[in-house]
Amino acid sequence: VLVSDSDRHVIAFGCNPQGTSSAADQDPLLIRFSDQESLTDWAATATNTAGDLRIGSGSKFIQAVETKRETVVFTDKSMHSLRFIGPPFTFGLTQVSANISVISPKGAASVDDLVFWMGNDNFYVYDGRTQAIPCTVRDYVFLDFNFAQAEKVVCGVNSQWTEVVWYYPSETNSSTNGGDDENDRYVIYNYAERVWYYGSLRRDSWIDRGVRQYPIATETDSAGVGYLYNHELGNDADGAALDAFIESSQVDIGDGDRFAFESSKVPCFLFCFL
């Protein structure tokens, strides 16, 4: 369920048809929307703007993500654009991509008019057209990915640093390998600098700053205890020093008879002593 900000309709996905109430009648591809500015009036009449639409491809709804101009709707096999078009139809639904996948019901997030998401084997962006994002860490992510727990993947935006982050469960942390099947790693795409980085961190959900001053995330530890975190606050980890390191990949200096010799490195850091 979400609210269309531009036209003030409540929209629900995977609904019962009007006039039915049993679970057996639920349609996983049916979209229904309330009358404008109403939380309770869902019955379509000639005098209101309530109504419904049915997605024409796929077998079930997965996720909807709102941007400034539209709501992007994912099924298990396709992607659609839902837009307010006014009376008498209220909303229009257009398929924008077929044979596309989103890894989980929380696997996509929007930044302005861009939608980023993780698929079953790659990362994608939609800006009016769908395209794969070149990913330098794709093998690292998908060759050690717990696909049996893929629905736990959560995508979030850290707008302060122009980052889109995915928290996901690795196969290394699967129950078959002695783990607990929870999200234990992250991969980040910096959409301003177009670079990737990754690490290990247990997070189950993410909300960007906005209502709150800092991004908020949750974690459930291996004992089932839940925690709530402020991110981007302070310079340590709850009073403990951060465990940090830098690792470089190979550097290509060209092919042929060109060589380089390195005798030393001089790192440049800004230190703050308290």
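These questions and answers concern a predicted model.

Q: In which order do the four strands of the open sheet run?
A: The pairing in this sheet is antiparallel. Its edge strands are S13 (154-158) and S16, each of which pairs on one side only. Neighbouring strands are turned by 20° against each other on average, direction ignored. The order is S13-S14-S15-S16.

Q: Which residue of S14 is the bridge partner of Val157?
A: Strand S14 covers residues 163-168. S13 and S14 run antiparallel and are joined by five bridges. Within S14, the partner of Val157 is Val164.

Q: Which residue in the turn between S13 and S14 has a positive phi?
A: The two strands form a hairpin. Four residues lie between them. One residue in that turn has a positive phi of about 50°, and that residue is Thr162.

Q: Is S13 largely enclosed or exposed?
A: One side of S13 carries Val154, Gly156 and Asn158, and the other carries Cys155 and Val157. Both faces are covered. Five of the five residues are buried, so S13 is largely enclosed.

Q: Which residue of S16 is the bridge partner of Val187?
A: S15 spans residues 185-190. S15 and S16 pair in the antiparallel sense over six bridges. The partner of Val187 in S16 is Tyr198.

Q: Which strand gives the largest share of the largest nonpolar core?
A: This core has 24 residues. Those touching the most other members are Phe116, Met118, Phe123, Val141, Trp166, Val187 and Trp196. At least two residues each come from S9 (108-111), S10 (114-118), S11 (123-126), helix H1 (138-142), S13, S14 and S15. The largest share is three residues, and it comes from S14.

Q: How many residues make up the other core, which includes Ile62 and Tyr124?
A: This core lies apart from the largest one. Val72 and Ile100 are also among its members. Its residue count is twelve.

Q: Which residues of the 185-190 stretch, strand S15, does Trp196 contact?
A: Neighbours within four places in sequence are left aside here. The contacts of Trp196 include Phe123, Ile133, Pro134 and Trp166. Among its contacts in S15, which covers 185-190, are Val187, Ile188 and Tyr189.

Q: Is Met79 buried or exposed?
A: Met79 sits in strand S7 (residues 78-86). Beyond its neighbours within four places in sequence, Met79 contacts residues including Val72, Phe74, Ile100, Trp117 and Tyr126. The relative accessibility of Met79 is 0%, so this residue counts as buried.

Q: How many Å apart in space are Met79 and Thr162, C-alpha to C-alpha?
A: Thr162 is in the turn of the S13-S14 hairpin, whereas Met79 belongs to S7. They are 83 residues apart in sequence. In space, the C-alpha to C-alpha distance is 25 Å.

Q: Is Arg202 buried or exposed?
A: Arg202 lies in the loop between S16 (195-200) and S17 (205-207). Its relative accessible area is 19%. The cut-off for burial is under 20%. Because 19% falls under that cut-off, Arg202 is buried.

Q: Which residue offers a backbone oxygen to the side chain of Arg202 at 2.9 Å?
A: The contacts of Arg202 beyond its sequence neighbours within four places include Asn173, Glu182, Asp184 and Ser222. Its side chain makes a polar contact with the side chain of Asp180 (2.7 Å). The backbone oxygen reached at 2.9 Å belongs to Thr220.

How values were computed. Residues numbered from 1 in each chain as written. Predicted model: local features only at pLDDT ≥ 70, side-chain atom pairs only at ≥ 80, totals over all residues. Heavy atoms only, no water. Buried < 20%, exposed > 50% of the residue type's maximum accessible area, 1.4 Å probe, protein only. Contact = heavy atoms within 4.5 Å. Polar contact = N/O pair within 3.5 Å; in protein donor to acceptor, adjacent residues only side chain to side chain. Pairing = 2+ DSSP bridges. Axes fitted to C-alpha atoms, helices over the stretch in contact; angles between N-to-C directions. Core = buried A, V, L, I, M, F, W, Y, C linked by side-chain atoms within 4.5 Å.
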